[in-house]
Amino acid sequence: MAKVYPETIIPVVNAKNPFVFTVWKKSLLFGCDGFTVYNSNGNLAFRVDNYFVKGNREIVLMDASGRSLHTIRRKCNPRFSVTRHVNVLNTKSLAYVSTSKNRNKRNVIYEIQGSYAHKSCMVYDDKRRCVAEIRRKEAKGGVALGGDVFALVVQPSIDPTIAMVLVIVLDQMFDSSRRFSKLSWVQ
């Protein structure tokens with residue numbers, strides 16, 4: 001089987017040593033739905049295994065050894081909240097990430113633009129700097145891999161685990177059979 005992890009760093013505009021991950025929408029466990037994420041050296045970086053037990057609404061991002069890093073839940077006392085953008089006049093924005101400190105006032109910290117279905121998304125911080133990018137992955141010969149394998153380029157200004165949580169949330173909002181308009185996560 002061909003390697004799905006990156007062999008070279010993908011150049012990014014205005015980047016100083018970005019983290020480059022290969023995200024594969026496939027669980028390491030048989031019968032589970034999830035993600036397997038490799039770093040630029042081909043080592044396992046993160047994994048997500050969803051068992052979808054009835055009534056369980058949690059998705060857990062784990063490190064390579066299986067230790068929980070972040071838990072994504074549907075609308076329940078979040079640390080951060082991701083809301084799907086609904087505006088027919090502005091079709092660039094997919095979602096907004098905000099802190100959930102005060103119920104009356106939301107503080108938007110990231111805006112996600114592009115198309116998750118085409119694996120072409122940019123994550124902008126509150127100062128409009130690109131902090132992460134999801135893009136199609138190509139093999140060495142220039143052949144594009146399927147939609148279940150893509151690159152996640154993360155700038156040093158954002159925690160790579162946060163960027164991966166955003167990938168999971170986008171998948172739940174735009175690519176999953178169970179689409180949600182609002183998701184949140186706790187540490």
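Which residue in E7 does Val82 stand opposite? The partner is Val97, and this pair is a good place to begin a walk through the structure, which is a predicted model.

Let us start with the strands around that pair. Strand E6, residues 80-84, and E7 run antiparallel to each other and are paired over five bridges. On E7 there is a second pairing to look at, since six bridges join E7 to E8, again in the antiparallel sense. Here you can find Tyr96 opposite Glu111 in E8. Strand E7 itself covers residues 93-99 and is mostly covered, with six of its seven residues buried. As you follow the strand with your eye, keep in mind that side chains in a regular strand alternate between the two faces of the sheet.

Next, let us visit the interior. The largest nonpolar core has 40 residues, and those touching the most other members are Phe35, Ile112, Tyr116, Leu152 and Met164. Helix H1 gives the largest share of this core, 11 residues. Ile112 is a handy residue to zoom in on. Leaving aside residues up to four places away in sequence, its contacts include Ser93, Leu94, Ala95 and Val97. Ile112 also touches Cys121, Met122 and Val123, as well as Leu166 and Leu170. Val97, which we met opposite Val82, is thus also one of the residues in contact with Ile112.

Now for the charged side chains. The structure holds five salt bridges, and three of them make good stops. In one, the side chains of Lys25 and Asp171 meet, with N to O at 3.2 Å. This pair links distant parts of the chain, 146 residues apart: Lys25 is in the loop between strand E1 (19-24) and strand E2 (33-38), while Asp171 is in helix H1, residues 160-175. The two ends also sit in unlike surroundings. Asp171 has a relative accessible area of 2%, so it counts as buried, whereas Lys25 is partly exposed because its relative accessibility is 25%.

Another salt bridge brings together the side chains of Arg67 and Asp63, at 3.1 Å from N to O. Is each partner buried or exposed? Arg67 is exposed, at 53% relative accessibility, and Asp63 is buried, with a relative accessible area of 14%. For a further example, turn to Arg135 and Glu133, whose closest N and O atoms are 2.7 Å apart. Arg135 has a relative accessibility of 19% and counts as buried. Glu133 is buried too, at 15%.

Finally, take a look at two loops where the backbone does something worth noticing. Lys119 is not a glycine, yet its phi is positive, at about 55°. You will find Lys119 in the loop between strand E8 (107-115) and strand E9 (120-125). With a relative accessible area of 5%, Lys119 is buried. Moving along the chain, Arg128 has a positive phi as well, about 65°, although it is not a glycine either. Its place is in the loop between E9 and strand E10 (130-136). What is the exposure of Arg128? At 45% relative accessibility, Arg128 is partly exposed, in contrast to buried Lys119.

Methods. Residues numbered from 1 in each chain as written. Predicted model: local features only at pLDDT ≥ 70, side-chain atom pairs only at ≥ 80, totals over all residues. Heavy atoms only, no water. Salt bridge = Lys/Arg side-chain N within 4 Å of Asp/Glu carboxyl O. Helix = DSSP H or I, 4+ residues; strand = E, 2+ residues; numbered from the N terminus. Buried < 20%, exposed > 50% of the residue type's maximum accessible area, 1.4 Å probe, protein only. Core = buried A, V, L, I, M, F, W, Y, C linked by side-chain atoms within 4.5 Å. Contact = heavy atoms within 4.5 Å. Pairing = 2+ DSSP bridges.
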